[in-house]
Amino acid sequence: MSKKQMKLGLSMRYMGYHVGSWRHPDVPADGASLFQSFLEVAQTAERAKFDMLFLADGIGVRLDDKPKGSMCRSRHNVELEPLTLLSALGPLTRNIGLVATASTTYNEPYHIARKYGSLDQISGGRAAWNVVTSWSDQEAWNFSMSKQLDYDTRYERAHEFVEVVTGLWDSWDEDAFLLDKESGVFYDEKKMHVLDHVGKHFSVRGPLSVRRSPQGRPILVQAGVSEPGQQIAAEYCDMVFMAKNDLKSAQDYYSSVKDRLEHFGRKRSDLLMMLGLTPIVGRTREEAHEKYEQLEALIDPIVGLSMLYRSFGDLSHLPLDGPVPKPDLDKVGLKSSAEMYYDLAQKQGLTIRQLYKKIGMAQEHKTIVGTAADVVDEMESWFEQGAADGFNITPSLLPHGINDFVELVLPELRKRGRFRDEYEGRTLRENLGLPVPASRYAATASSDRRLAS
Ligand SMILES: Cc1cc2nc3c(=O)[nH]c(=O)nc-3n(C[C@H](O)[C@H](O)[C@H](O)COP(=O)(O)O)c2cc1C
């Protein structure tokens, strides 16, 4: 019997997840602003049959120069807007999925439905939306707000936002367009649906001015860890991106999301849990560890401290080789990260310097240092033990990270029957093996409403 295969995504933000990646001698320092760098990486990932490319996003520069002098040393100041970048990559690729992040706090549902609907048409059914609520005041300051919306309001808005977007994506039945030149009828009136949504946060009439998606609707992704985040994932989403470092907490989170699906009439296999993974791989373990140490040396201490600032406040007055203090969870921006970092420091007995070096390597993603066999052993173990359905590779450096993965890790994964040799279909949904959601109007033709002329 053939073995169950893993799904694989490639995260490309800033051309690598290592905080000092731009300082590496072989990395183009301004790579995050260069279309050509992304194109080469995307084409390598597609040749390797990756399921998707992923671009995380924040709508604005989230840094605020704390501690002072850190901001001008960070690469997190400039990048390309994800949906624009993926739209440009669309026609230059054929099979690989295109996952762009967009915020429900600083957009309107109609915009999102239209833009992702269009990317889906342009790419032949390969678009996906990573739904986020955003988490920083810096983003709010770019949108005429003095601070971000409170947590509950953000998620309440997100829930209604997704409901409206999915409703708009059902505006047209698949066979709505008659395009009958003879009779002059462009579409079948019974097959166009007006949403007429009126809710707490949005009033949206519809219909959407984009036809139905080639994959039923674009893929929806979520990464919210909190109760409302998991609820949105279980009700609407096809995939969850997760960042977990220990097996037990990954398994708990995996089950927590999957257990919710039944309530919404969905199967456990209708949603894929994708774990962020940073492999630092060498032909020998020694080579891999050398690479790791080379990467550690690229982290400027002040940039390291700035990474901890949002979770712990200013630690620059404390000895770098001393213990990590407990964070004040009522004051931090990203609670889940603060908890995770503190927990990591406690469990592994890390000093402040060791903690920022660990996070600086791949933010909060799981890192494996070793040979291809070491990496694949660990991937298989987490996959088999109900911690992940696949992995979102978050390389420290690009293009190195993808090149090493393709050259060393993929052959080992394929040898063990864990990854495809060819794409199964054309759309992202087909390749992920996910069901096509029925239109909300499919079973209730009598409830169809038509737009008054
Ligand atoms: C793998 C991963 C990718 C994420 N990508 C983004 C992103 O691109 N933009 C963003 O604002 N937040 C992003 N987040 C943060 C989540 O949207 C969410 O705020 C965070 O996981 C905490 O969950 P909570 O909001 O339910 O507390 C990401 C989280 C994870 C784990």
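These questions and answers walk through a predicted model, from its ligand site to its loops and helices.

Me: Which residues come nearest to the ligand?
Reply: The shell around the ligand holds 18 residues. Strand 4 (127–132) and helix 5 each supply at least two of them. The nearest are Asp57, Tyr151, Tyr155, Ala223 and Ser226.

Me: How do the residues of the shell around the ligand divide into nonpolar, polar and charged?
Reply: Tyr counts as nonpolar here, and Asp as charged. Tyr151, Tyr155 and Asp57 are among the residues that come nearest to the ligand. Over the shell, the split is nine nonpolar, seven polar and two charged.

Me: How far is an oxygen atom of the ligand from an N or O atom in the side chain of Ser226?
Reply: Ser226 is among the residues that come nearest to the ligand. A pair of N or O atoms counts as a polar contact within 3.5 Å. The Ser226 side chain has such an atom, and its distance from a ligand oxygen is 2.5 Å.

Me: What share of the ligand does the protein bury?
Reply: Backbone atoms meet the ligand too. A backbone N or O atom of Ala223 is 2.8 Å from a ligand oxygen, and one of Val225 is 2.9 Å from a ligand oxygen. Taken alone, the ligand exposes 610 Å². The share of that area buried by the protein is 88%.

Me: Which residue caps the N-terminal end of helix 5?
Reply: Helix 5 covers residues 151–169. Look at the backbone nitrogen of Asp152. A side-chain oxygen lies 3.2 Å from that nitrogen, and it belongs to Asp150.

Me: What distance does helix 5 reach from its first C-alpha to its last?
Reply: Helix 5 has 19 residues. At 1.5 Å a residue, 27 Å is expected. The model comes close to that expectation, with a reach of 27 Å.

Me: How many disulfides does the structure hold?
Reply: A disulfide needs two cysteine sulfur atoms within 2.5 Å. Cysteines are present, including Cys72 and Cys237. Even so, the number of disulfides is zero.

Me: Is Cys237 buried or exposed?
Reply: Cys72 makes a useful contrast. Its relative accessible area is 67%, so Cys72 is exposed. Buried means under 20%. Cys237 has 0% relative accessibility, so Cys237 is buried.

Me: Which side chain does a polar contact of 3.4 Å join to that of Asp26?
Reply: Asp26 is in the loop between strand 1 (7–11) and helix 1 (35–47). Its relative accessibility is 52%, so Asp26 counts as exposed. The partner in the 3.4 Å contact is the side chain of His400.

Me: What is omega for the peptide bond from Lys66 to Pro67?
Reply: Most peptide bonds are trans. The bond from Lys66 to Pro67 is cis. Pro67 lies in the loop between strand 2 (52–55) and helix 2 (82–89). Omega for this bond is near -10 degrees.

Me: Where is Pro399?
Reply: Pro399 takes part in a cis peptide bond with Leu398, where omega is about 5 degrees. Strand 13 (390–393) lies on one side of its loop. The full place is the loop between strand 13 and helix 13 (400–415).

Me: What is the phi of Tyr14?
Reply: Most residues other than glycine have a negative phi. Tyr14 has a positive phi although it is not a glycine. Tyr14 is in the loop between strand 1 and helix 1, and counts as buried at 12% relative accessibility. Its phi is about 55 degrees.

Me: What is the relative accessibility of Asp196?
Reply: Asp196 lies in the loop between strand 6 (185–187) and strand 7 (197–198). Its phi is positive, near 50 degrees. Asp196 counts as partly exposed, at a relative accessibility of 43%.

Me: Why does Trp382 count as buried?
Reply: Trp382 lies in helix 12 (residues 372–384). Buried means under 20% relative accessible area. Trp382 meets that cut-off because its relative accessibility is 4%.

Me: What distance separates the C-alpha atoms of Thr371 and Pro214?
Reply: Thr371 is in the loop between strand 12 (366–370) and helix 12. Thr371 is buried, with a relative accessible area of 16%. Along the chain, Thr371 and Pro214 are 157 residues apart. Their C-alpha atoms are separated by 40 Å.

Notes. Residues are numbered from 1 along each chain as its sequence is written. This is a predicted model: local features need pLDDT of at least 70, side-chain atom pairs count only at pLDDT 80 or more; totals for chains, interfaces and linings use all residues. Side-chain values use heavy atoms; hydrogens and water are left out. Buried means under 20% relative accessible area, exposed over 50%, partly exposed in between (1.4 Å probe, protein chains only). Helices (H or I, at least four residues) and strands (E, at least two) are DSSP runs, numbered from the N terminus. The expected span of a helix is 1.5 Å times one less than its number of residues. A polar contact is a pair of N or O atoms within 3.5 Å; within protein, one must be able to donate a hydrogen and the other to accept it, and residues adjacent in sequence count only if both atoms are side-chain atoms. A residue is near a molecule or strand if one of its heavy atoms lies within 4 Å of it. Accessible areas come from the Shrake-Rupley method with a 1.4 Å probe; for residues, only the protein chains shown count as cover.
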